[in-house]
2 protein chains.
Amino acid sequence: MPDLRKDPIVGRWVIIAKNRAKRPQEFSVLPSRPDITFCPFCEGQEDKTPGEIIAYRREGSQPNGKDWRVRVVPNKFPALKVEGELSKKGEGIYDMMEGVGAHEVIIETPDHVVSTSDLSEEQLCEVLWVYRDRLVDLKKDRRLVYGMIFKNVGAAAGASLEHTHSQLIVTPIVPINVSEEMAGSLEFYNYRGRCICCDMIQRELAVEDRIVMDTPGFIAFCPFASRFPFETWILPKAHSSHYENIQKNGVEDLANTLRHVIAKIEAALDQPAYNYIIHTGPFDTEELGHYHWHIEIMPSLTRPAGFEWGTGFYINPVPPSEAAAFLREVEVDFRESRNNPTRRAGQGGV
Amino acid sequence: MPDLRKDPIVGRWVIIAKNRAKRPQEFSVLPSRPDITFCPFCEGQEDKTPGEIIAYRREGSQPNGKDWRVRVVPNKFPALKVEGELSKKGEGIYDMMEGVGAHEVIIETPDHVVSTSDLSEEQLCEVLWVYRDRLVDLKKDRRLVYGMIFKNVGAAAGASLEHTHSQLIVTPIVPINVSEEMAGSLEFYNYRGRCICCDMIQRELAVEDRIVMDTPGFIAFCPFASRFPFETWILPKAHSSHYENIQKNGVEDLANTLRHVIAKIEAALDQPAYNYIIHTGPFDTEELGHYHWHIEIMPSLTRPAGFEWGTGFYINPVPPSEAAAFLREVEVDFRESRNNPTRRAGQGGV
């Protein structure tokens, strides 16, 4: 069972996932790219993953068989486990609890492609909809309070498998980054009576120079205080605190925006590794006036080093207005990108 | 002039260092190792760096000439600049200020070696002493409030030059990580009347299983809530909030501890990239009862990915007690390590 341990000074939690432990020597080398010798996420390999939690599949097809479009399975090497009690305990001056939670993998397509931009708009709609389905289901478990959906693409962004997938980690406490976001947003709300993200949207649309895309329901921009070069955020224009309250037409608009923004980043920067993360409200809250869900997309171009680790400051060598101007102007052609052989692994049997 | 920009939601500051900007295409590839074709830090290349701020050198030798042992110079590509006024201003809903500060490089030896463990104990004493000298000098500038000393070794830890060096970035605001540490320590102090780090030292010495080294003046251990595999902290046993109050005999003891701990990490993990960071009190405070300066050493074995970026949680696959047991048992032989040809670059002219 993994431990959740709290840093006694700053209150940051750490998951000590003993079940992932290797021998010290095995940590000497960071893998330079994901393993592609065998892919457990491809159609026909359903028995290589734990049994599916949910799948969108052809009517009449069998669970854990072929003929699916999107498939959600437990992570084979979970950071947190769904069984067990939330036993909180002290160890001397330290606080810990058992690592109860959930760690799921969303396999986004049966085809061996590597990026969100390789999905059709219809496929991406189903991926975004299954995110919602899982959050709605998991928030019924009263032991759990937060669901973080994220995606790692490329070894430099932490991906260990190439086949395009996202992950959902559900934690029994609100993560420190989220509670800081909530606290900062609430402070602004109490002072100004408005949502800070709604204000940011107004400001960005007025100034224009950090906008990457402006669609009917969403805005994509490089934030004023971007930590990373080409960091891009996507926000719904209509205020909403919880991702899982998204509607079908919202998902279509979001799929269009997300797919284009990622394709633009990939075209501009020659297929970089990247992460995206959905920031959403905690399970134990209803619709909140002060919090605004959003997606943060971060290409892995720079490495955090001593200064960033020590201070929490980031040094970003690309002004966000320059990054946005560049991304606005990039043209993307999905047919070409999807058929680009460098984007599909030449794996046997796929 | 670089900008300092504040994230309006969480209050995190970012340095937008326009002077470091490159064209977007140049960000496509992360360098896999530092450039070693030419080294501006080697003896004889003094004119390739900005003029020295301070150097410990042979009596009678000329500034910016040969015959130095430790040399501190301004960073040629500074994240912050020492000239200018601290003009704070708003941009719509956003806050920013000019990037006033200092960014210095401590060249730790005239020889082209790559790690702290390649220095003799006498050399490391001088490095640790020059850290102190620079902090004492810079804190006289009333515009500046915090000095962060850190070291990046290896490309995976963010080093862009191989020759062993550390850096000092001085900021006009207290970094968010430091203010969180200060706040957490103060809360404990107000509640218990004791320094939390002094309590941690007692606890670690009593439990023993996370101790890496125990010397007369210092303790090195893998913290209970380690974020990273083999993360190791070094704390002075006697309470002290500001690194720059260290004495000559303290420096000798610290040099011995730091050099051994790093050599142990390097032997255990086959010369990993690593960072170390000195956490110390802000310039505008005197000796504080609640804050305890320390060094955090972090081998670069895992990469932060979407989950870490989103939550601020870390997943650490190696329990700290296992890491500490392993490091305790590693024997280090400095003569062998210093003569190891893989640890010296085969660069012309060195």
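What follows is a chat about a predicted model with chains A and B.

Visitor: Hi! Let's start with chain A. How many helices and strands are there in it?

Guide: Chain A has 7 helices and 15 strands. Bear in mind that this is a predicted model.

Visitor: What does the C-alpha trace of chain A span along its principal axes?

Guide: It spans about 55 × 50 × 45 Å. The radius of gyration of chain A is 20 Å, which agrees with the value near 20 Å that a compact globule of 350 residues would have.

Visitor: And how much of chain A is buried?

Guide: Buried residues account for 50% of its 350 residues. As for contacts in chain A between residues at least 6 apart in sequence, 70% of them join residues at least 24 apart.

Visitor: Where is A:S61?

Guide: A:S61 sits in the loop between β3 (54–57) and β4 (68–74) of chain A. Beyond its neighbours within four places in sequence, A:S61 contacts A:K66, A:D67 and A:W68.

Visitor: Is A:S61 buried or exposed, and why?

Guide: A:S61 counts as exposed because it has 12 C-beta neighbours inside 10 Å, and a residue with 12 or fewer is called exposed. Its C-alpha atom is 48 Å from that of A:G184, a residue 123 places away in sequence.

Visitor: Let's switch to the contact between the chains. How many residues does each one put in?

Guide: Chain A gives 79 residues and chain B gives 79 residues. On the chain A side, the largest share is 7 residues from helix α2 (residues 176–192). By class, that side of chain A has 47 nonpolar, 16 polar and 16 charged residues.

Visitor: What about α2 in chain B, which residues are buried there?

Guide: B:N177, B:V178, B:E181, B:M182 and B:S185 are buried in α2(B). They lie on the same side of α2(B), because they cover an arc of only 135° around the axis.

Visitor: Why would residues a few places apart point the same way?

Guide: An α-helix has 3.6 residues a turn, so residues three or four places apart point the same way.

Visitor: What do the buried residues of α2(B) pack against?

Guide: They pack against α5 (306–311) of chain A, and also against β8 (146–153), α3 (196–207) and β13 (274–279) of chain B. On the face turned away from the buried side, α2(B) carries the exposed residues B:N190 and B:Y191.

Visitor: How far apart are the end C-alpha atoms of that helix?

Guide: They are 24 Å apart, which agrees with the 24 Å that 17 residues should span at 1.5 Å a residue. Just after α2(B) comes B:G193, with a positive phi of about 75°.

Visitor: Which residues other than glycine have a positive phi?

Guide: B:D67 is one of them, at about 70°. Another is B:D270, with phi near 60°.

Visitor: Where are those two?

Guide: B:D67 is in the loop between β3 (54–57) and β4 (68–74) of chain B, while B:D270 is in the loop between α4 and β13 of chain B. B:D67 is partly exposed, with 13 other C-beta atoms within 10 Å. B:D270 has 11 such atoms and is exposed.

Visitor: Now the core. Which residues touch the most other members of the largest nonpolar core?

Guide: B:I15, B:F230 and B:I265 do, in a core of 101 residues. Helix α4 (residues 248–269) of chain B supplies the largest share of this core, 9 residues.

Visitor: What does B:F230 touch?

Guide: Not counting residues up to four places away in sequence, B:F230 touches several residues, including B:C222, B:I265, B:L269, B:A323 and B:L327.

Visitor: Where do B:A323 and B:L327 belong?

Guide: They are among the buried residues of helix α6 (residues 320–329) of chain B, along with B:P320, B:A324 and B:F326. These residues are on the same side of α6(B), since they cover an arc of only 165° around the axis. The elements covering them include β10 (211–214), β11 (218–221) and α4 of chain B.

Visitor: One last residue: what is B:H103 in contact with?

Guide: Leaving aside neighbours within four places in sequence, B:H103 contacts B:P74, B:N75, B:P78, B:A79, B:L80 and B:I169. B:H103 lies in strand β7 (residues 102–107) of chain B and is buried, with 24 other C-beta atoms within 10 Å. The C-alpha atoms of B:H103 and B:P78 are separated by 5.5 Å, although the two residues are 25 apart along the chain.

Key. Residues are numbered from 1 along each chain as its sequence is written. Chains are lettered from A and ligands numbered from 1 in the order in which they are written. This is a predicted model: local features need pLDDT of at least 70, side-chain atom pairs count only at pLDDT 80 or more; totals for chains, interfaces and linings use all residues. A nonpolar core is a set of buried Ala, Val, Leu, Ile, Met, Phe, Trp, Tyr and Cys residues joined through C-beta atoms within 7 Å. A residue is buried if 20 or more other C-beta atoms lie within 10 Å of its own, exposed if 12 or fewer, and partly exposed in between; C-beta atoms are placed from the backbone. Helices (H or I, at least four residues) and strands (E, at least two) are DSSP runs, numbered from the N terminus. Two residues are in contact if their C-beta atoms, placed from the backbone, lie within 7 Å. The radius of gyration is taken over C-alpha atoms; the globule rule is 2.2 Å times the number of residues to the power 0.38. The expected span of a helix is 1.5 Å times one less than its number of residues. The arc is that of the directions from the helix axis to the C-beta atoms. Ala, Val, Leu, Ile, Met, Phe, Trp, Tyr, Cys and Pro count as nonpolar, Asp, Glu, Lys and Arg as charged, and the others, Gly among them, as polar.
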